[in-house]
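This report covers charged pairs, strand pairing and one pocket. The sequence and structure come first.

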Amino acid sequence: MASPMDFDQPPNSPVSSAPSFAIRPNNHNTTFLRSISTKEPSNFTEELTYSPLRLSTSVLPSNTYNSQPSTPRLSFTLNNNPTKSVDDHDFHHQTTYRCISSVLKKDGQILSVALYNGLVYTGSQANVIRVWKLPEFTECDHLKTRASMVVSLQVSNDMVYAAYADCKIRVWRRTWEGAIKHVRVATIPKVGSYVRSYISGRDKMMKHMGPISSLAINISDDILYSASLDKTVKVWRISDLKCIETIQAHNDPINAIVVGDDGVLYTASDDATVRVWRRNFCSGDRPHSLTVTLPAKCSPVKTLALTNDGGVLYGGCSDGYIHYWLKGWFSGQLQYGGALLGHTHAVMCLASIANYLVSGSADSTCRVWLREQQDCQHVCVAILQGHRGPIRCVTAFPGRVNEETDDGCTICTGSLDGVLKMWRVRRTSSSYKGKGSSQNVCEYFEMA
């Protein structure tokens, strides 16, 4: 059986030429203990008092945005006593949390998750995509195929795009006839296009030669992107599901892609770089051009996340670091902002929502980071513990289900232990006395 990732890589390991952990044979016969099945009662509480690290990193000058120091400079204050005085510029955060819901199915490892319009879609090693309805978090539909191992999911405009281990993408459409139902409408690439491209000797229409690792959608341009371990990104026109371009993006397997609202494409690879691509509509058959290459120390970049406004780009690496780049207000160029350190193993998934960044790791924990608006510093406000295997996928949305509020966010995590968990982060207030100052009010976070 294939294992979707390699999570045993030690910190600060050199760049490896081996394929990404997206899909790779399991030579270690690794097994994970499974969590108890399944839905937890609403009165269940698992509380933890936690004083997170306050991370501060240096920002390089704008003329060196495409380079960075070999090791990020980190400084932090750890305060385990809420009544103890800290510096005036430091905030003290306390966290108590519980898991809202936990579900275990006999589908094996959970590899992908997507959220759209009150529905959560989960893909696993099995040949089924399960659909969960919020806020009840009950299964309302499932999408079956002969192929197995759903490695990536994207949902947009009631269309579900699922990438499988057989290097193909299958497409479903949600119907609105009473109950929630999904109808399969296409498979990418189409059989006819595949045969014609093979006969003509053109590779534009052919499927990926390696497993697909990530999908991204640019709705404004009617584009679907698929990245693969074959080191290419294919560009599919959604209207007719034809491949219109193949980008030779990296020299090593591509692990993740993300696209901004402005149409800019970001690709992350095992070559320890993130590359930025822009689409030029007047460039014929090769409209995407490379604009900049962002190095990420010497560690393969496994996952990407972009803020809603496109102002901050995050890259999670196999050494446990999360590097981030800031877009300049005037130049529009990306400048290296620093690195977030907390995970002890590879960062395997990221999700950005509002001022939060959620990171899942092979260390079986999920961290919630708060990004401050003024100086873009990050504070780890919660560590979600409960999975018994590496966390492979994560998604989040603001507030509670069907309620966009300012008091926190809701998080869904999927793990290689086969368990799907739902968490709720709520922002409350606390106070302390700073050194040489009167009583100040700050915020802490509570899982509730």
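Eight salt bridges turn up when the whole structure is searched. The model is predicted, and the distances below are computed from it. Three of the pairs are set out here.

| Acidic residue | Basic residue | Closest N to O distance |
|---|---|---|
| E139 | K105 | 3.4 Å |
| E139 | R130 | 2.6 Å |
| D166 | R170 | 2.7 Å |

The pair D166 and R170 combines two levels of burial. D166 is partly exposed, with a relative accessible area of 25%. R170 has a relative accessible area of 8% and is buried. Elsewhere, K105, D107, R130 and E139 are joined into one network by salt bridges that share partners.

Which parts of the chain does the salt bridge between E139 and K105 tie together? E139 belongs to strand 9 (residues 138-144), whereas K105 sits in the loop between strand 5 (99-104) and strand 6 (110-116), so the contact links parts that are 34 residues apart in sequence. E139 is partly exposed at 30% relative accessibility, and K105 is partly exposed at 31%. R130, the other partner of E139 in the table, counts as buried at 16% relative accessibility, because buried means under 20%.

**The sheet of strands 6 to 9**

Strand 9, which holds E139, is part of an open sheet of four strands in the order 6-7-8-9, with antiparallel pairing. Strand 6 and strand 9 are at the edges and have a single partner strand each, so one side of each lacks a neighbour in the sheet. On average, neighbouring strands of this sheet are turned by 20° against each other, direction ignored. Within the sheet, strand 7 (residues 119-124) and strand 8 (residues 128-133) run antiparallel and are joined by five bridges. R130 of strand 8 stands opposite T122, and R130 also forms the salt bridge with E139.

**Strands 16 and 17**

Strand 16 (residues 232-237) and strand 17 run antiparallel and are joined by six bridges. The two strands form a hairpin with four residues between them, and L241 in the turn has a positive phi of about 60°. V235 stands opposite E245 of strand 17. Is strand 17 enclosed or open? Strand 17 (residues 242-248) is largely enclosed by the rest of the structure, because five of its seven residues are buried.

**The sheet of strands 18 to 21**

Another open sheet of four strands has the order 18-19-20-21, and its pairing is antiparallel. Its edge strands are strand 18 (254-259) and strand 21 (288-295), each of which pairs on one side only. The twist from one strand to the next averages 20°. Strand 20 (residues 273-279) runs antiparallel to strand 21, and seven bridges join the two. T273 has P295 of strand 21 as its bridge partner.

**Strands 22 to 24**

Strand 23 (residues 312-317) is mostly covered, with six of its six residues buried. In a regular strand, side chains alternate between the two faces of the sheet. From strand 23, V312, Y314 and G316 point one way, while L313, G315 and C317 point the other way; all are buried.

Strand 23 takes part in two hairpins. In one, strand 22 (residues 301-306) is joined to strand 23 by five bridges, and the two run antiparallel. This hairpin has five residues between its strands, with G310 in the turn at a positive phi of about 75°. In the other, strand 23 pairs with strand 24 (residues 321-327) in the antiparallel sense, also over five bridges. Here three residues lie between the strands, and G320 takes a positive phi near 95°. G316 has a bridge partner on each hairpin: T303 in the pairing with strand 22, and I322 in strand 24.

**The second largest pocket**

How much space lies in the second largest pocket? Its volume is about 440 Å³. The lining consists of 20 residues, and D309, G311, V312, K327 and W329 lie nearest the centre. V312 is also one of the buried residues of strand 23, and K327 falls within strand 24 (residues 321-327). By class, the lining has six nonpolar, nine polar and five charged residues.

Methods: Residues numbered from 1 in each chain as written. Predicted model: local features only at pLDDT ≥ 70, side-chain atom pairs only at ≥ 80, totals over all residues. Heavy atoms only, no water. Pairing = 2+ DSSP bridges. Axes fitted to C-alpha atoms, helices over the stretch in contact; angles between N-to-C directions. Salt bridge = Lys/Arg side-chain N within 4 Å of Asp/Glu carboxyl O. Buried < 20%, exposed > 50% of the residue type's maximum accessible area, 1.4 Å probe, protein only. 1 Å grid on protein atoms, 1.4 Å probe; cavity = no way out; pocket = protein on both sides within 12 Å on 5 of 7 lines; lining within 4 Å. Points joined across faces, edges and corners; volume = space filled by probe spheres on them. Nonpolar A, V, L, I, M, F, W, Y, C, P; charged D, E, K, R; others polar.
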